[in-house]
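Reader: I'm new to this one. Can you walk me through it?

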Amino acid sequence: MALGFCIGAGLALVSMRGLAAFLYGVPPADPLTFTAAGLLMLASGLAAALIPAWRILKIDPAVSLRAE
């Protein structure tokens, strides 16, 4: 997730000149916007990883191995 965030933030900073025409009332390099977007992506990535892991932890390994 950290690598993806770094790549995405770098590409966003590079492409902000072209996207500046579409932004109304927000400067292209607004730190609050970058931070909020990064935290949102981090939260969704953690949820995507932790929810399946939490479900797997509830299964007894012996029952799972006997099923195969």
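**Helices, patch and pocket**

Author: Happy to. L39 lies in helix α2, which covers residues 31-57. Keep in mind that this is a predicted model.

Reader: Is L39 buried or exposed?

Author: L39 is exposed, because its relative accessibility is 52% and the cut-off for exposed is over 50%.

Reader: Which nonpolar surface patch does L39 belong to?

Author: The patch is formed by M1, L39, L42, L46 and L50. Together these residues have about 480 Å² of accessible area.

Reader: And how far apart are L39 and F5 in space?

Author: Their C-alpha atoms are 9.7 Å apart. In sequence, L39 and F5 are 34 residues apart.

Reader: Let's zoom out. How many helices and strands are there in the protein chain?

Author: There are three helices and zero strands. Read from the N terminus, the order is α-α-α.

Reader: What does the C-alpha trace span along its principal axes?

Author: About 60 × 20 × 15 Å. The radius of gyration of the protein chain is 20 Å. For a compact globule of 68 residues, that value would be near 11 Å.

Reader: How much of the protein chain is buried?

Author: Buried residues are 6% of the 68 residues. To count as buried, a residue needs a relative accessible area under 20%.

Reader: And what area does the protein chain expose?

Author: About 5900 Å². Carbon and sulfur atoms supply 76% of that area.

Reader: New topic: pockets. How much space lies in the largest pocket?

Author: The largest pocket holds about 210 Å³ of space. It is lined by 15 residues, and the closest to its centre are A12, T33, F34, A37 and G38.

Reader: Which elements give two or more residues to that lining?

Author: Helices α1 and α2 do.

Reader: You listed F34. Where is F34 found?

Author: F34 is found in helix α2. F34 is partly exposed, because its relative accessible area is 25%, and partly exposed runs between the under 20% of buried and the over 50% of exposed.

Reader: How far is F34 from L13 in space?

Author: The two C-alpha atoms are separated by 9.6 Å. Along the chain, F34 and L13 are 21 residues apart.

Reader: Which helix holds L13?

Author: L13 is in helix α1, residues 2-19. So the pair F34 and L13 links a residue of α2 with a residue of α1.

Reader: Why does L13 count as partly exposed?

Author: Because L13 has a relative accessible area of 42%. That falls between the 20% and 50% cut-offs.

Reader: One more residue. What about A36, where is it found?

Author: A36 is found in helix α2. A36 counts as partly exposed, because its relative accessibility is 44%.

Reader: How far apart are A36 and G10?

Author: The C-alpha atoms of A36 and G10 are separated by 16 Å. Along the chain, A36 and G10 are 26 residues apart.

Reader: Quick recap of α2, please?

Author: Sure. Helix α2 covers residues 31-57. Among its residues are L39, which is exposed at 52%, and F34, which is partly exposed at 25%. A36, also found in helix α2, is partly exposed at 44%. Helix α2 also gives two or more residues to the lining of the largest pocket, as does α1.

Technical notes. Residues numbered from 1 in each chain as written. Predicted model: local features only at pLDDT ≥ 70, side-chain atom pairs only at ≥ 80, totals over all residues. Heavy atoms only, no water. Helix = DSSP H or I, 4+ residues; strand = E, 2+ residues; numbered from the N terminus. Buried < 20%, exposed > 50% of the residue type's maximum accessible area, 1.4 Å probe, protein only. Patch = residues over 30% accessible without salt bridge, like charges linked within 9 Å, V, L, I, M, F, W, Y side chains within 5 Å. Areas by Shrake-Rupley, 256 points an atom, 1.4 Å probe, with all protein chains shown as cover. Salt bridge = Lys/Arg side-chain N within 4 Å of Asp/Glu carboxyl O. Rg over C-alpha atoms; globule rule 2.2 N^0.38 Å. 1 Å grid on protein atoms, 1.4 Å probe; cavity = no way out; pocket = protein on both sides within 12 Å on 5 of 7 lines; lining within 4 Å. Points joined across faces, edges and corners; volume = space filled by probe spheres on them.
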